[in-house]
Protein chains: 2
Amino acid sequence: MKEQLIKFESEFSIDCVIFGFEAGELKILLIERKNEPFMDWLALPGDLVENDEGIEEAAERILHQLTGLHDVHMEQFHTFGAVNRHPRGRIITVAYYALIRIDSQRELKAGQFAKRALWHSVNDLPKLAFDHTEIFKTGFNKLRRRLSYQPIAYELLPEKFTLTQLQQLYEAILNKKLDKRNFRKKMLSYGFLKELDEKQKNVSFRAAKLYKFDRRKYSKIFQSEMGVDI
Amino acid sequence: MKEQLIKFESEFSIDCVIFGFEAGELKILLIERKNEPFMDWLALPGDLVENDEGIEEAAERILHQLTGLHDVHMEQFHTFGAVNRHPRGRIITVAYYALIRIDSQRELKAGQFAKRALWHSVNDLPKLAFDHTEIFKTGFNKLRRRLSYQPIAYELLPEKFTLTQLQQLYEAILNKKLDKRNFRKKMLSYGFLKELDEKQKNVSFRAAKLYKFDRRKYSKIFQSEMGVDI
DNA sequence: GGCTTATTGTGTAAAAATTACACCAGTATA
DNA sequence: TATACTGGTGTAATTTTTACACAATAAGCC
């Protein structure tokens, strides 16, 4: 990354924990590093923040560079600033997480700083570069806590999905079995799932109804539970 | 604007939103600035992070410098990084909040960078220096959300307190009236309040029982509800 | 001492939310 | 048409949350 440490009193970066869901498994987006330090290691996608961009802006830029995505709802979750977290000197990093739909159509673009980008299951992660394992764990815990009071998981699913898929996703994130009937009752009671006149195709068993997420209704319901202004 | 921007590519600071409770009112600790920019304005206590200290460490140092306090449980809640948040150049700030007991014995020490330090009610805050009004609001919302799922308010009360005081504190933070009986039932059901054999003194009405917070039991109960390691 | 005043301290019933639990229906395919 | 597999559904018990009112107590004052 930065070769000329002398030049800077300090620097900061953004790191992204980007969750996706595929084949019943929760995954995160990783890159394989091209340069020292930690050459060839897996790492969270991240980059230094430019001096003329805000950090939200930087987060968007970086995610775009790495995935081609725009307008992804990203949320800051923690800032890591241990003195020795980066071997090249003092670099504080602001960590963001995002939930995105894994789109098999679109290939991952590694960008200029990585050998490749890949989706990796959250369940058997190897040790990551820098303190990225810690960052990932913190982000995953944040996601869990968030999901248990706000239904945000739909962002990970394809546009049309079945209730079973939704439940599997919840189970993957919360890491526990849920009761099918209670889960459905609860999800439908929120009122932001729209039942479609369509069913699954190409399955070798009874096809399930497809549902769609209704963003309008969702906002109405959950905006009121947000923070209050003073 | 931007007098010595040349010297630094970037810098970062800590700002602290320190809550206290006094006379039935929720307050925060502010300083009156001694220097430009924003000379004479009220601001959150904060300082630049040194290059050889971690940010948690820096937060502790700064709080200590400003209040003389040690071992206060501080929690990071957000990092602010708008490009123009600081007129002197690009300074990203990591915001922490803390809840402390206002101790009338101990005088506030302003330190070398402030004219004075003071407790100010959260209800009629003037406009603060920099983006500190926004930082405060974000921190206050964080405190509210946190309090509604974790009983952390005891940190603001004197060692011995009455249930009415505890309720007033909740009402001040959540900004709504609570039902006395339900509130007491709930608080006592947690099991971390220890009833003392003592009562209020010097009150011109029926004295209330005093309670103490039992830190041991609290930890037992709430550690299990924290994030899970992977 | 007894009256006034202000606050403390207590219980119950109704409503709402959460949990536990099992079987028939539908579709593909063999 | 039988088999294998997943989809879809309801109810009762339990727990949690809410709503609500009055007697007990202590100080101050007359």
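# Notebook: a look through a predicted model

**Entry 1: a buried phenylalanine.** I began at A:F130, which counts as buried because 22 C-beta neighbours lie inside 10 Å. The model I am reading is a predicted one. I found A:F130 in the loop between β7 (114-121) and α2 of chain A. Its phi caught my eye: the value is near 50°, which is positive in a residue other than glycine.

**Entry 2: another positive phi.** In chain B I looked up B:N175, where phi is near 60°, again a positive value in a residue other than glycine. B:N175 sits in the loop between α3 and α4 of chain B. Is B:N175 buried or exposed? I noted it as partly exposed, because it has 14 C-beta neighbours inside 10 Å.

**Entry 3: chain A as a whole.** I then stepped back and noted five helices and 10 strands in chain A. The C-alpha trace of chain A spans about 65 × 50 × 30 Å along its principal axes. I also checked the radius of gyration: chain A has 19 Å, which agrees with the value near 17 Å for a compact globule of 230 residues. Buried residues make up 32% of the 230 residues in chain A. Of the contacts between chain A residues at least 6 apart in sequence, 64% join residues at least 24 apart.

**Entry 4: two domains.** Where does chain A divide? I wrote down domain 1 as 9-148 and domain 2 as 160-223. Their C-alpha centres lie 28 Å apart in chain A. Eight residues of domain 1 of chain A are in contact with five residues of domain 2 of chain A. On the domain 1 side that touches domain 2, the elements giving two or more residues are β2 (25-33) and α2 (132-149) of chain A. I noted that α2(A) gives the most to that side, with four residues. By class, that side of domain 1 has four nonpolar, two polar and two charged residues.

**Entry 5: the core.** Next I looked for the largest nonpolar core and found that it has 106 residues. Which residues have the most contacts inside it? They are A:C16, A:V17 and A:Y96, along with B:C16, B:V17 and B:Y96. In chain A, strand β6 (residues 91-99) gives the most to this core, with eight residues. I followed A:C16 further: not counting residues up to four places away in sequence, its contacts include A:L44, A:I62, A:L63 and A:Y96.

**Entry 6: a leucine in chain B.** I found B:L63 in helix α1 (residues 55-67) of chain B. B:L63 is buried, because 23 other C-beta atoms lie within 10 Å. Leaving out residues up to four places away in sequence, B:L63 touches B:C16, B:L69, B:V72, B:M74 and B:A98. For B:L63 and B:V83, 20 residues apart along the chain, I read 26 Å between the C-alpha atoms.

**Entry 7: beside the DNA.** Which residues come nearest to DNA strand C? Of the 19 residues around it, I listed A:R206, B:T164, B:R181, B:A208 and B:K209. Two or more residues of the surface near DNA strand C come from each of α4 (180-190) of chain A, α3 (163-174) of chain B and α4 (180-190) of chain B. The largest share of that surface comes from α4(A), with four residues. I classed the surface near DNA strand C as five nonpolar, four polar and 10 charged residues.

For DNA strand D, I noted 18 residues around it, with A:T164, A:R181, A:A208, A:K209 and B:R206 the closest. The surface near DNA strand D divides into five nonpolar, four polar and nine charged residues.

I also checked how covered α4(A) is: hardly at all, since the count of buried residues among its 11 residues is zero. A:G191 follows α4(A) and has a positive phi, near 85°.

**Entry 8: a phenylalanine in domain 2.** I placed A:F161 in strand β8 (residues 160-161) of chain A. A:F161 is buried, because 23 other C-beta atoms lie within 10 Å. Setting aside neighbours within four places in sequence, A:F161 is in contact with A:L166, A:L210 and A:Y211.

**Entry 9: cis peptides.** My last check was on peptide bonds. A cis bond joins A:E36 and A:P37, with omega about -5°, and A:P37 is in the loop between β2 and β3 (42-43) of chain A. In chain B, a cis bond joins B:E36 and B:P37, with omega about -5°.

Conventions:
Residues are numbered from 1 along each chain as its sequence is written. Chains are lettered from A and ligands numbered from 1 in the order in which they are written. This is a predicted model: local features need pLDDT of at least 70, side-chain atom pairs count only at pLDDT 80 or more; totals for chains, interfaces and linings use all residues. The radius of gyration is taken over C-alpha atoms; the globule rule is 2.2 Å times the number of residues to the power 0.38. A residue is buried if 20 or more other C-beta atoms lie within 10 Å of its own, exposed if 12 or fewer, and partly exposed in between; C-beta atoms are placed from the backbone. Two residues are in contact if their C-beta atoms, placed from the backbone, lie within 7 Å. Domain bounds come from an automatic or database domain assignment. Ala, Val, Leu, Ile, Met, Phe, Trp, Tyr, Cys and Pro count as nonpolar, Asp, Glu, Lys and Arg as charged, and the others, Gly among them, as polar. A nonpolar core is a set of buried Ala, Val, Leu, Ile, Met, Phe, Trp, Tyr and Cys residues joined through C-beta atoms within 7 Å. A residue is near a molecule or strand if its C-beta atom, placed from the backbone, lies within 6 Å of it.
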